[in-house]
Amino acid sequence: MNEYTILKNCVEIIKSRTDLVPDIALTLGSGLGYFSENVKVLCEISYSEFPDFPKSTVSGHAGKFVFGYLGSVPVALMNGRVHYYEGYDSVEAVRPVRTLALLGAKKFVLTNAAGGVNLTFKPGTLMLIKDHISSFVPSPLRGRNIDELGVRFPDMSSVYDPDLSTCVTSAAEELGIPLREGVYLQFPGPQYETPAEIRMASALGADAVGMSTAIEATSLNHMGVKVCGISCITNLAAGIAKHKLTHEEVKETSERVSEQFSKLLLESVKRMQD
Ligand code: HPA
């Protein structure tokens with residue numbers, strides 16, 4: 001089966017369960033699972049109900065779509081995502097985000113946990129993603145182009161939409177939530193980086209490193225979807241931190257910041273409504 005047929009089948013599964021067409025979709029990274037408590041939920045569909053979806057296997061990632069209303073905005077949440085390091089290729093890893101875009105989501109907010117490379121960042125810093133480096137992970141557009149979704153050689157000079165980004169910065173200002181900006185670099189994972197890799201990332205211009213998001217943003221930009229991204233800096237990156245990196249630290253920080261992060265998301269989404 002070709003990828004476009006697979007995606008259309010995934011959309012049909014959603015349509016058989018709910019009529020809701022999301023205006024805005026959000027991918028919730030580690031610790032943000034509770035954000036869905038803000039949503040008037042109409043329907044939840046576990047990723048396991050999609051025969052063609054890779055299964056989310058990471059602890060802290062529930063792996064389901066939530067459809068409903070955030071205030072008056074029809075939204076779809078991805079509670080958990082699929083990662084390249086789980087063993088799926090990039091084309092498979094972006095299937096859930098592409099499904100929501102094909103369903104009709106015109107705007108996408110991608111969130112993640114990331115390691116801080118910028119020396120002025122601290123665990124708990126929130127960073128608006130201005131641009132990304134995805135060169136260390138195979139492209140999600142690799143293979144025969146799906147002409148129905150986008151062009152063979154898409155422009156990537158403005159992956160993160162300035163208008164959506166302004167919604168986030170103005171929301172942060174109003175709420176008095178400190179927000180930094182920076183470049184996100186996606187490594188393949190699942191191992192954390194070596195200090196030498198972090199020095200390389202810094203030399204390349206990265207402010208934060210993680211194991212998701214850039215391929216999702218690439219595939220959505222290919223489809224003409226407006227994207228914005230926010231990282232929660234959960235830890236100082238390897239070599240900058242004086243201690244060993246653990247998934248526990250990542251979960252601990254993301255849970256500590258989740259309330260503030262949720263408030264920022266909520267206010268940002270309100271501003272993204274047409
Ligand atoms: N590196 C890569 N991914 C991450 C990190 C990190 O330090 N922290 C959270 N996700």
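Start with helices α4 and α7: their crossing is right-handed. This is a predicted model, so keep that in mind as you click around. Select residues 162–175 for α4 and 247–272 for α7, and you'll find the two packed at an angle of about 130°, with their axes 8 Å apart. That makes α4 oblique to α7, since the roughly antiparallel label is kept for angles over 145 degrees.

Now show side chains at that contact. From α4, pick L164, C167, V168, S170, A171, A172, E174 and L175; across from them in α7 sit K263, L264, E267, S268, R271 and M272. Colour the contact by class and you get 8 nonpolar, 2 polar and 4 charged residues.

**Next stop: α1 against α3**

Select 3–15 for α1 and 95–103 for α3. Their axes come within 9 Å and cross at roughly 65°. That makes α1 roughly perpendicular to α3, because the perpendicular range runs from 65 to 115 degrees. α1 passes α3 in a right-handed crossing.

For the residues, put up E3, Y4, I6, L7, K8, C10, V11, I14 and K15 on the α1 side, then R95, R98, T99, L100, L102 and L103 on the α3 side. Sorted by class, the contact of α1 with α3 holds 9 nonpolar, 1 polar and 5 charged residues.

**Stay on α3, and add α6**

Keep α3 selected and add α6, residues 214–222. The axes of α3 and α6 come within 9 Å and cross at roughly 30°. That makes α3 roughly parallel to α6, as angles under 35 degrees count that way. Here too the crossing is right-handed.

The residues to display are V97, R98 and A101 from α3, with E216, S219, L220 and H222 from α6. By class they split into 3 nonpolar, 2 polar and 2 charged. R98 is worth a label: it is listed in the contact of α3 with α1 and also in the contact of α3 with α6.

**Into the largest pocket**

Centre the view on Y85, A113, Y192, M211 and V250. Of the 23 residues lining the largest pocket, these are the closest to its centre. The pocket's volume is about 380 Å³.

Which elements should you colour to see the walls? β5 (107–116), β8 (208–210), β9 (226–236) and α7 each supply at least two lining residues. β5 has the largest share, at 4 residues. You've already met α7 as the packing partner of α4. If you're thinking about the chemistry of the lining, the tally is 10 nonpolar, 11 polar and 2 charged.

**Over to the second largest pocket**

This one has a volume of about 290 Å³. Zoom to E3, Y4, R144, N145 and I146, the closest to its centre among the 20 residues that line it. The elements giving two or more residues to this lining are α1, α2 (90–93) and α3, and α1 gives the most, with 4 residues.

So what classes line this second pocket? Its residues divide into 5 nonpolar, 5 polar and 10 charged. Leave E3 and Y4 on screen for a moment: they are part of the α1 side of the contact with α3, and they are also among the residues closest to the centre of this pocket.

**Two backbone details to finish**

First, select G189 and P190. The peptide bond between them is cis, with omega near 0°. To place P190, look in the loop between β7 (180–186) and α5 (195–203).

Then jump to T213, in the loop between β8 and α6. Check its backbone torsions: phi is positive, about 70°, although T213 is not a glycine. Both flanking elements have come up on this tour, with β8 supplying residues to the lining of the largest pocket and α6 packing against α3.

Definitions and conventions. Residues are numbered from 1 along each chain as its sequence is written. This is a predicted model: local features need pLDDT of at least 70, side-chain atom pairs count only at pLDDT 80 or more; totals for chains, interfaces and linings use all residues. Side-chain values use heavy atoms; hydrogens and water are left out. Axes are lines fitted to C-alpha atoms, for helices over the stretch in contact, and angles run from 0 to 180 degrees between N-to-C directions. A crossing is left-handed if the near helix is turned anticlockwise from the far one by less than a right angle, and right-handed if clockwise. Contact means heavy atoms within 4.5 Å. Ala, Val, Leu, Ile, Met, Phe, Trp, Tyr, Cys and Pro count as nonpolar, Asp, Glu, Lys and Arg as charged, and the others, Gly among them, as polar. On a 1 Å grid over the protein atoms alone, a cavity is a set of points where a 1.4 Å probe fits but cannot get out, and a pocket is an open set with protein on both sides within 12 Å along at least five of seven lines; lining residues have an atom within 4 Å of a point. Grid points are joined across faces, edges and corners, and a volume is the space filled by probe spheres set on the points.
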